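This briefing is meant for a reader who is meeting the structure for the first time. Please keep the sequence and the 3D view at hand while reading the points below.

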Amino acid sequence: MYAGGKRRDIQLLLAAGVPQERIAKLTGVSVRTIRRIGREPAQSELTGTEPVAREPAGQPQLSGPGRPSTVEPYREAVTAMLAETPKLKSLEVLRRLRERGYGGGKSAVYELVRQLRQQAVRPICRFEGVAGEFSQHDFGEVWLHWSGGGRTKVRFFASRLKYSRYVLVSCVPNQRVETLVRTLAAHFCQFGGLPLLAVFDRPGTIATKSDPKTGAVLAWNPTFAEVTSRLGVAAEVCWPARPNQKGTVENLVGWVKNSFFKQRQFVDQDDLAMQLQAWHEEVNERRVNRASERIPGELLREQERGRLRPVKLTAQQLDLRYAVRVGPTGMVTFETNRYSMPAEALGYSATLRLFADRVVIEAGRYRAEHARLSGRNKVSSLAAHRAGLLAAVSGKRGRMYLKRQHLLDLGRDAERILTELVHVRPRHWPDDVERLHELLQACGSDALRQAFRRVAQLPEVSVAAVVREVNGHAPLFACSREETS
């Protein structure tokens, strides 16, 4: 369809008596179209179109200058269809019109349906929280290209107080629930207290079951629920693609990405940490927030911090609690790693308290504390527990194999050395195990593990070499001539 200006020009040329063929050459419009335009009402010289009386609201029209729409005669029929079935698909409307004799294209039908269909607009309820009422939290991730080459996916956890807009961002190793609750506790300590409600934008790590229709949480992650209860803060979630539920949550992750990560260049992880610290100082203590028109740090100290409640647990004090069982070997297995317990606790149900740097296991009146193991398939065994388990095992042969297992638990280097001793000294390896186990009990797992690692790199291994490595070439344990040789 030609614009109103060209149509008006054609009408003026026709009124001036210019032949239609000449007008076609001047305007590039076919003679047939020129004839049709000549039969249309005159165009307004001011606006380029004839004033048209508007239909009442809710009654859009497809008609206008030019050829009438082929679907226009079916407007009332389509209106009736949509009134009866508001969600009737456009394809079905087209099919029904075909049955009534409609011979035009589908685009005109789809456009008419779009205009006539009642659009259900759901309101977005956005409101501001009062001081100390809300905080918002979310995980995010972004790919960073280091200035020296290479790139890395960086994961972060962001928190912000709704009222003062004071924000904290921490780089994290993963998005597991333990990382969430420990970082959450650390951020609350940095805020200076707890709000009434913590709002989470994406609940994938904290909700195990939810209603697909309403988004309501039907089952919380038990660790998350237990920790937030002990912290003393209530939790609320907002779900993706549900804008009507986002009254208290702004696009925190998007803002952090665009304000910090995508605006800067980083050399490495250390440079990222330094720049993140400087960015915190800038956005919290120097930059005026556009929403509050105040500096967040000043607003936090003047009005919001007094409304926050005391933090009950710091990140270091926070322990996650899991139900475990002491196995028949005197070990408790947690996340593929094993921790020893007293022999008297064999078969007991226990509670494992997981701290950031240590593990405490309680089984009735028996208690054990270990440094937390990192990695997988590692063992932490205390000397007293090994001695107690040996005393509980009957038979010389059984105690010998248990001692060897204690040594094998020290890792692959220990396994290589013991394998070599068994094959090189098939008749005397029990004596070697006895001496190495004495060394384990006297010097500890870490010292013996390091000695095994160094000896395993030698062309020949022996108990004497392990003793020298542990004692700095001043053996505390006498080696027989057979061992030395």
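What follows goes from the whole chain to its sheets, then to a helix pair and two single residues.

The model is predicted, and its chain has a secondary structure of 18 helices and 14 strands. Of the 485 residues in the chain, 40% are buried. Among the contacts in the chain with a separation of 6 or more, 58% are between residues 24 or more positions apart. The chain exposes about 27400 Å², and carbon and sulfur atoms supply 51% of that area.

**The mixed sheet**

- An open sheet is formed by 5 strands in the order 3-2-1-4-7, and the pairing within this sheet is mixed.
- Strand 3 (167-172) and strand 7 (234-237) stand at the edges of this sheet, and because each has a single partner strand, one side of each is left without a neighbour in the sheet.
- On average, neighbouring strands of this sheet are turned by 25° against each other, when direction is ignored.
- Strand 4, which covers residues 197-200, pairs with strand 7 in the parallel sense over 4 bridges, and Ala-198 has Ala-235 in strand 7 as its bridge partner.
- Helix 9 (residues 252-261) packs on the sheet, where it touches strand 1 (134-145), strand 2 (151-161) and strand 3, and the direction of helix 9 makes about 120° with that of strand 2.
- Helix 10 (residues 269-286) also packs on the sheet and touches strand 1, strand 2 and strand 3, while its direction makes about 170° with that of strand 3.

**The antiparallel sheet**

- A further open sheet is made of 4 strands in the order 8-11-12-13, with antiparallel pairing.
- Its edge strands are strand 8 and strand 13 (366-371), each of which pairs on one side only.
- From one strand to the next, the twist averages 20°.
- Strand 8 and strand 11 run antiparallel and are joined by 6 bridges, and the bridge partner of Ala-323 in strand 11 is Thr-351.
- Strand 11 (residues 349-354) also pairs with strand 12 (residues 358-363) in the antiparallel sense, over 4 bridges, and there Thr-351 has Glu-362 as its bridge partner in strand 12.
- Strand 11 and strand 12 form a hairpin, with 3 residues between them.
- In a regular strand the side chains alternate between the two faces of the sheet.
- Strand 11 has a covered face with Ala-350, Leu-352 and Leu-354, and an uncovered face with Ser-349, Thr-351 and Arg-353.

**The pair of helix 14 and helix 15**

- The axes of helix 14 (residues 412-424) and helix 15 (residues 429-443) come within 9 Å and cross at roughly 150°.
- From helix 14, Leu-418, Leu-421 and Val-422 meet Trp-429, Asp-432, Val-433 and Leu-436 of helix 15.
- The residues of this contact between helix 14 and helix 15 divide into 6 nonpolar, no polar and 1 charged.

**Leu-318, a buried loop residue**

- Leu-318 lies in the loop between helix 11 (296-304) and strand 8 (320-325).
- Leu-318 counts as buried because its relative accessibility is 0%, where the cut-off for buried is under 20%.
- Leaving aside residues up to four places away in sequence, Leu-318 touches Val-181, Arg-182, Ala-185, Val-227, Arg-230, Leu-313, Leu-354 and Phe-355.
- One of these residues, Phe-355, is 37 residues from Leu-318 in sequence and 6.3 Å from it in space, C-alpha to C-alpha.
- Another of them is Leu-354, which belongs to the covered face of strand 11.

**Asn-284, a buried helix residue**

- Asn-284 is found in helix 10, the helix that packs on the mixed sheet by touching strand 1, strand 2 and strand 3.
- With a relative accessibility of 2%, Asn-284 therefore counts as buried.
- Not counting residues up to four places away in sequence, Asn-284 touches Arg-165, Tyr-166, Val-167, Ile-295, Pro-296 and Gly-297.

Key: Residues numbered from 1 in each chain as written. Predicted model: local features only at pLDDT ≥ 70, side-chain atom pairs only at ≥ 80, totals over all residues. Heavy atoms only, no water. Helix = DSSP H or I, 4+ residues; strand = E, 2+ residues; numbered from the N terminus. Buried < 20%, exposed > 50% of the residue type's maximum accessible area, 1.4 Å probe, protein only. Contact = heavy atoms within 4.5 Å. Areas by Shrake-Rupley, 256 points an atom, 1.4 Å probe, with all protein chains shown as cover. Pairing = 2+ DSSP bridges. Axes fitted to C-alpha atoms, helices over the stretch in contact; angles between N-to-C directions. Nonpolar A, V, L, I, M, F, W, Y, C, P; charged D, E, K, R; others polar.
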